[in-house]
Amino acid sequence: MTGSNELGEFLRTRRAGLQPDDVGVQGYGLRRVPGLRREELAMLAGVSPTYYSRLEQGLSANASLSVITSIARALRLSDDEQAHLVNLARHTPATLRPPRPEPDHIRPGTLRLLRSLTTTPAVVVGKRSEVLGWNELGHRLVAGHLDVDSPADPLDRPNMTRMLFLDAHTRELYIDWRGEASRAVSSLRVLGGKNPDDPELAALVGELTVKSTEFSEMWADHRVENCVSGVKRFRHPDVGEFELAFEVLTPPDDSGHRVIMYSATDDGPTAESLALLAWISSRVDS
C-alpha cells in the first residue's frame with residue numbers, strides 16, 4: 001500500500017463503474033475504456049479537468065474537503081466509500097520509512113470482560129484484523145483447531161483475514177465463503193485507508209496478494225465497506241450448519257481495536273446450536 005497511488009486507483013475504479021447514462025451525461029466519441037472520462041467526471045464535480053487528472057496521478061496532496069465531497073457526490077459513493085476517499089486524499093505520503101509498530105495487546109480489563117461472557121462468542125481484533133483475544137466460546141466458534149492461547153504471542157497470533165484465504169479449516173467454516181471473503185477484503189480496505197503507512201498491514205496485503213489469486217482479484221476491485229453488523233452462516237465441525245448475528249463494537253479510543261460479538265438469530269434451532277457449542281467449549285477449552 002505504501003508508495004502506491006491508492007487514491008488514483010480508487011478514483012479510477014469508481015469512475016470506470018459509471019456510464020454516461022448513469023449520471024445524465026451525453027456520451028460522445030469512441031470509448032476505449034469503460035466508464036466516464038476524466039473530463040466528464042471533473043465537469044460533474046465542478047473542478048478543472050487538469051486538477052482532477054493530477055488527483056488521479058497522485059500529484060495533488062491534501063485536497064480540500066469541499067473538492068473531495070464534490071467528487072464523491074459525482075461518483076455516487078456510499079458513506080463508507082466517501083470516508084475512505086477522504087482518508088486517501090488528505091494523507092500526505094511519508095518521506096521517511098515509518099518505524100516498525102510495537103506489538104499490539106488487548107487490555108486486561110477487556111480480556112476479563114470477554115471471559116465473563118460464557119454464552120456469547122466474542123473476539124477482539126486489532127488494526128490489521130489480527131486476533132488480540134477471544135473468550136472460550138469465540139475461540140471454539142471461529143478457530144477451534146488452533147491453540148486457545150495463540151493470540152497471546154504477537155509473532156504467531158491468528159489473523160482473521162489471512163485465515164479466510166489461506167487456512168483450509170476456516171474456508172470450510174463459512175457456507176458463503178466468497179461473500180465472507182469479499183466482506184473481509186472490503187473491511188481491510190477501510191483499515192488501509194486509515195493506516196496507509198502501516199508496514200505490517202502492507203506486508204499482510206502483499207502476502208495475500210502473492211499467495212491467493214482470489215484475494216488479489218478482490219483487492220484490485222477497491223470495494224470499500226465498513227461492515228459493523230449482519231449475519232454469518234456457519235458450517236461448524238462440532239454442531240453443523242447454523243447462523244449467528246454479529247455486531248462489531250469499537251472502543252472510544254484510538255486503539256483501532258474492534259470487538260466482534262455473536263448471538264443467536266432466533267430462540268429455536270439457532271439458539272440450541274449455540275448452546276450446544278457453549279457446552280462443548282466449556283469441556284474442551286477449560
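Visitor: What phi does Gly-46 take, just after H3?

Guide: A positive one, about 75°. H-labels stand for helices (DSSP H or I runs of at least four residues) and S-labels for strands (E runs of at least two), numbered from the N terminus. Residue numbers start at 1 along each chain as its sequence is written. The model is predicted, so local features need pLDDT of at least 70 and side-chain atom pairs count only at pLDDT 80 or more, totals for chains, interfaces and linings use all residues, and side-chain values use heavy atoms, without hydrogens or water.

Visitor: Which residues of H3 are buried?

Guide: Glu-40, Leu-41, Ala-42 and Ala-45. Buried is under 20% relative accessible area, exposed is over 50%, and partly exposed is in between, with a 1.4 Å probe on protein chains only.

Visitor: And what covers the buried residues of H3?

Guide: The cover includes H1, H4 and H5. H1 spans 6–16 and H5 spans 65–75.

Visitor: H4, then. Which residues are buried there?

Guide: H4 covers residues 49–56, and Tyr-52, Ser-53, Leu-55 and Glu-56 are its buried ones. They sit on the same side of H4, because their arc around the axis is only 155°; the arc is taken over directions from the helix axis to the C-beta atoms.

Visitor: What do the buried residues of H4 pack against?

Guide: H1, H3 and H5, where packing rests on contact, that is, heavy atoms within 4.5 Å. Gly-58 comes just after H4 and has a positive phi of about 75°.

Visitor: Switching to H13. Which residues of it are buried?

Guide: Phe-215, Met-218 and Trp-219. Their arc is only 100°, which puts them on the same side of H13. Thr-213, Glu-217 and Ala-220 are on the other side of H13 and are exposed.

Visitor: Why would spacing matter for that kind of pattern?

Guide: An α-helix has 3.6 residues a turn, so residues three or four places apart point the same way.

Visitor: Which elements do the buried residues of H13 pack against?

Guide: H9, H11 and H12, the last of these being residues 199–211.

Visitor: What follows H13 with a positive phi?

Guide: His-222, with phi near 60°. His-222 is in the loop between H13 (213–220) and S3 (229–236).

Visitor: Is His-222 buried or exposed?

Guide: Its relative accessibility is 2%, so His-222 counts as buried.

Visitor: What does the side chain of His-222 make polar contacts with?

Guide: One polar contact goes to the side chain of Glu-9, at 3.4 Å, and another joins His-222 to the side chain of Arg-189, at 3.4 Å. A polar contact is an N or O pair within 3.5 Å; within protein, one atom must be able to donate a hydrogen and the other to accept it, and sequence-adjacent residues count only if both atoms are side-chain atoms.

Visitor: What else is His-222 in contact with?

Guide: Leaving aside neighbours within four places in sequence, the contacts of His-222 are Glu-6, Glu-9, Phe-10, Thr-13, Arg-14 and Arg-189.

Visitor: Where does Cys-227 lie?

Guide: Cys-227 is also a residue of the loop between H13 and S3. With 14% relative accessibility, Cys-227 counts as buried. Not counting residues up to four places away in sequence, Cys-227 touches Arg-183, Ser-187, Phe-246 and Val-248. Between the C-alpha atoms of Cys-227 and Val-248 there are 8.0 Å, for 21 residues along the chain.

Visitor: How much space lies in the largest pocket?

Guide: About 610 Å³. A pocket is an open set of points on a 1 Å grid over the protein atoms alone, where a 1.4 Å probe fits, with protein on both sides within 12 Å along at least five of seven lines; lining residues have an atom within 4 Å of a point. Points are joined across faces, edges and corners, and the volume is the space filled by probe spheres set on them.

Visitor: Which lining residues are closest to the centre of the largest pocket?

Guide: Of 31 lining residues, Val-125, Ser-187, Cys-227, Arg-258 and Ile-260 are the closest to the centre. The elements giving two or more residues to the lining are H9 (160–166), H11 (177–194), S4 (240–249) and S5 (258–264). H11 gives the most, with 8 residues.

Visitor: How many helices and strands are in the chain?

Guide: 14 helices and 5 strands. Of the 286 residues, 46% are buried.
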